Amino acid sequence: MIPARFATGRAKYYDGDGSTGQILLKVQVGQIEVDALVDTGAPWCILGDRLAEKAGWLEHAPTLSTILHTRLGRLRGYLRREYLTLVAESGESLSVEATFFVSPDWLGPTFIGYSGCLERMRFAVDPAQSLFYFGAAAA
């Protein structure tokens with residue numbers, strides 16, 4: 001049996017001011033392209049509050065029945081499934097259905113969380129060249 005290619009796309013990542021060790025990638029959610037912080041410890045993806053408003057996710061929000069514990073405290077919101085696309089600089093971009101936590105009280109940046117997103121793909125980091133590799137999860 002021939003194994004599937006591990007990665008079909010790659011993108012250069014950057015770290016804001018270069019001192020935090022963060023991985024920021026270009027992603028697309030619907031028609032919105034944004035820099036997102038990769039966080040393997042986050043339970044879900046989070047779209048920044050202004051972008052969630054721009055996307056119309058806060059207008060007719062369902063009951064805020066989900067609680068997210070953050071370093072800034074507890075936030076109430078709801079979960080929403082949307083496609084998130086990792087934008088490839090080389091190879092093929094990858095779209096995966098992601099679970100987003102949506103809250104009118106979230107004032108932070110956009111996050112790519114592990115549960116409901118990163119767990120649905122293969123990914124690897126090359127810190128020597130600041131490259132993030134990604135591909136579809138094995139069948």
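**The β2–β3 hairpin and the nonpolar cores**

In the hairpin formed by β2 and β3, two residues lie between the strands, and Gly30 adopts a positive phi near 60°. The model examined here is a predicted one. Within this hairpin, β2 and β3 run antiparallel and are joined by six bridges. One pair of facing residues is easy to pick out, with Lys26 opposite Asp35 in β3.

Strand β2 also pairs with β6, again in an antiparallel arrangement, here through three bridges. Val27 stands opposite Leu86 in β6, and Leu86 brings us to the interior, as it belongs to the residues with the most contacts inside the largest nonpolar core.

That core comprises 30 residues, and Leu25, Leu84, Phe100, Ile112 and Phe132 join Leu86 in the group with the most contacts inside it. At least two core residues each come from β2 (24-29), β3 (32-39), α1 (49-54), β6 (73-86), β8 (94-102) and β11 (131-136). Strand β8 provides the largest share, namely five residues. A second core, separate from this one, has eight residues, among them Leu24, Leu75, Phe101 and Trp106.

It is helpful to look at Leu25 in its own right. Beyond its neighbours within four places in sequence, Leu25 contacts Ala11, Lys12, Tyr13, Val34, Asp35, Ala36, Val38, Leu86, Ile112 and Phe132. Of these partners, Asp35 is the residue that faces Lys26 across the hairpin, while Leu86 is the one opposite Val27. Leu24 is included in the second core, whereas Leu25 is part of the largest one. In a regular strand, side chains alternate between the two faces of the sheet.

Technical notes
Residues numbered from 1 in each chain as written. Predicted model: local features only at pLDDT ≥ 70, side-chain atom pairs only at ≥ 80, totals over all residues. Heavy atoms only, no water. Core = buried A, V, L, I, M, F, W, Y, C linked by side-chain atoms within 4.5 Å. Buried < 20%, exposed > 50% of the residue type's maximum accessible area, 1.4 Å probe, protein only. Helix = DSSP H or I, 4+ residues; strand = E, 2+ residues; numbered from the N terminus. Contact = heavy atoms within 4.5 Å. Pairing = 2+ DSSP bridges.
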